[in-house]
Amino acid sequence: MIEITVPQLPESVTEGTLTAWCKNEGDFVRRDEVVAELETDKVILEIPAPQDGLLAKIMVSEGSSVVSAQRLAQLTPQAAGTESAATSVEPPAAMPAARLEAQRSDVDLAAVTGSGRQGRILKEDVLQHAQSVAPATAPVVPAPVMPRRPTSMGAREERREPMSRLRLRIAERLLASQRDNAILTTFNEVNMQNVMDLRARWKDRFAEKHGVKLGFMSFFVKAVTRALERFPIVNASVDGNDILWHDYCDIGIAVSSNRGLVVPVLRDAQTLSLVEIERQIADYAALARAGKLPLEALQGGTFSVTNGGTFGSMMSTPIINPPQSAILGMHAITPRPVVEKGQVVIRPMMYLALSYDHRIIDGQEAVQTLVAIRELLEAPEQLLLDL
C-alpha cells in the first residue's frame, strides 16, 4: 500500500479543507492524475496520485479539516492496462455543495452534466438541471385559494451552507484591518480623457505586437509606483512599534474569482513596463478563474489597487489589506460636466479613493499621493518619458 497524504503546507497556512474527491474507492488512477482537491484560506491545491494504481481506501471524507502530512487515502500499486477488471461505473464526481443541493432538490446526480474541471458537478449544474426538468415532471396541481398577502413574494425558503476557508479568511482579515488600523479615506477625481485617447490610438497595435490587451490597470499601477517613490511612507507598514520602510513596490491587484476576492502581487512593479504589467495581470486573472493561483503569488505586497468600477461602483471606501498601510480604489468612468479654461465640457471622469492607516500616514501625505496619481494619469506621457 502507498499512502496519499496532504502536501506540506506553507508556514502561514495551518490547515485546509478537503473539498472534493475526484476519484472514488476502487477507481484506477494514473500517476500525477488529480485524486482530490484541498482548499486553504488562500488557494486550492490539487493532490496527485504518486503512481499508477487502485484507490483502495479513502480515509478522510469531503469537508474535513486536514493538516500537513495527514493520511488521506491508500493506493494499491497496479500497472496500467489491468484496471478494467477492478473498476466499475461510478456516479460522477460532484462538489460537496452540489451533493447537498441534489439531495435537497431530489435530483439524480447521474443525470447531471458537470461543467467543472474533469467533468465535476457543481452546485450550479444541479440547479440548472432541476430548473430544466421541473416543467416536464412537476404535477399540475390547482392552486389553492389563499388570502392575499401583500408583503409576500413566493416561497419563503432558507438554506444554510458553511463559508469557504477563503471567505472565512477574508472576513477575518477585514475585521482585523478595521480593528487594528486607524483607517481614513481621502477622495479625488481624475479626468481619464488622455489615457483613453492614448489607449484607443494604440491598443490594436499593442495587442498585435505583445499578444495582450492594453487596459487601464497598467497606467494606474505605473502612476501608483511613481507616487509611492515620492511619498514612501504610503508604501511603508507598521511592525509593532516600528515603521517598516520598503525600497520596492510590490503592488497587490484585487482579482475576482469563483471563490471570492484574491489579491495576487506584482513584484517590483516600479521596474515593470506597461507590457509586463498587463501580461502579469492577464496571467493572474486566468489562474484565478481556474482556481490555480500559486500560493507565492498571494504573499506579501506593500500597497494594493482594487477596481470596483469594473462592476459599476461609483464610490467606495476600500479596506486596507494588512500589513499594508494604504489601498487605492478605482471606480466607474462616467461622463460628467467639468470646467476647462472657463468652459463647461463633458469629460470621462473617475472618482479615486485612497484609504490609509492614519497611525503612520498623515492626511497631507495621503492627499499629496492621491493628487500625484491624478496628475500622472491626466498627463500619461509623463509615465512614458519618466518625468
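**Entry 1: Met 315**

I began with Met 315 and asked: is this residue buried, exposed or partly exposed? Its relative accessible area is 39%. Buried would need a value under 20% and exposed one over 50%, so Met 315 counts as partly exposed. I should add right away that I am working with a predicted model.

Next I looked up where Met 315 lies in the chain. It sits in a loop, with strand 16 (303-307) and strand 17 (326-330) on either side.

Then I checked its company on the surface. Met 315 belongs to a nonpolar patch, together with Phe 187 and Met 314. The accessible area of the three adds up to about 260 Å².

**Entry 2: one open sheet**

I moved on to a sheet. In what order do its four strands run? I found 1-8-6-3, with antiparallel pairing, and the sheet is open. Strand 1 (2-5) and strand 3 (28-29) are the edges, each having a pairing on one side only.

I took a closer look at the strand 3 edge. Two bridges join strand 3 to strand 6 (residues 53-58), again in the antiparallel sense. I also picked out a partner: Phe 28 is bridged to Leu 54 in strand 6.

**Entry 3: the whole chain**

To finish, I stepped back to the full protein chain. I noted eight helices and 19 strands. The chain has 387 residues, and 41% of them count as buried.

How much accessible surface does the chain have? The total is about 21500 Å², and carbon and sulfur atoms hold 52% of that.

Last, I looked at contacts with a separation of 6 or more: 63% of these join residues 24 or more positions apart.

Conventions
Residues are numbered from 1 along each chain as its sequence is written. This is a predicted model: local features need pLDDT of at least 70, side-chain atom pairs count only at pLDDT 80 or more; totals for chains, interfaces and linings use all residues. Side-chain values use heavy atoms; hydrogens and water are left out. Two strands pair if DSSP finds at least two bridges between them. Patches are made of residues with over 30% relative accessible area and no salt bridge: like charges are joined within 9 Å, nonpolar side chains (Val, Leu, Ile, Met, Phe, Trp, Tyr) within 5 Å. Accessible areas come from the Shrake-Rupley method with a 1.4 Å probe; for residues, only the protein chains shown count as cover. A salt bridge is a side-chain nitrogen of Lys or Arg within 4 Å of a carboxyl oxygen of Asp or Glu. Buried means under 20% relative accessible area, exposed over 50%, partly exposed in between (1.4 Å probe, protein chains only). Contact means heavy atoms within 4.5 Å.
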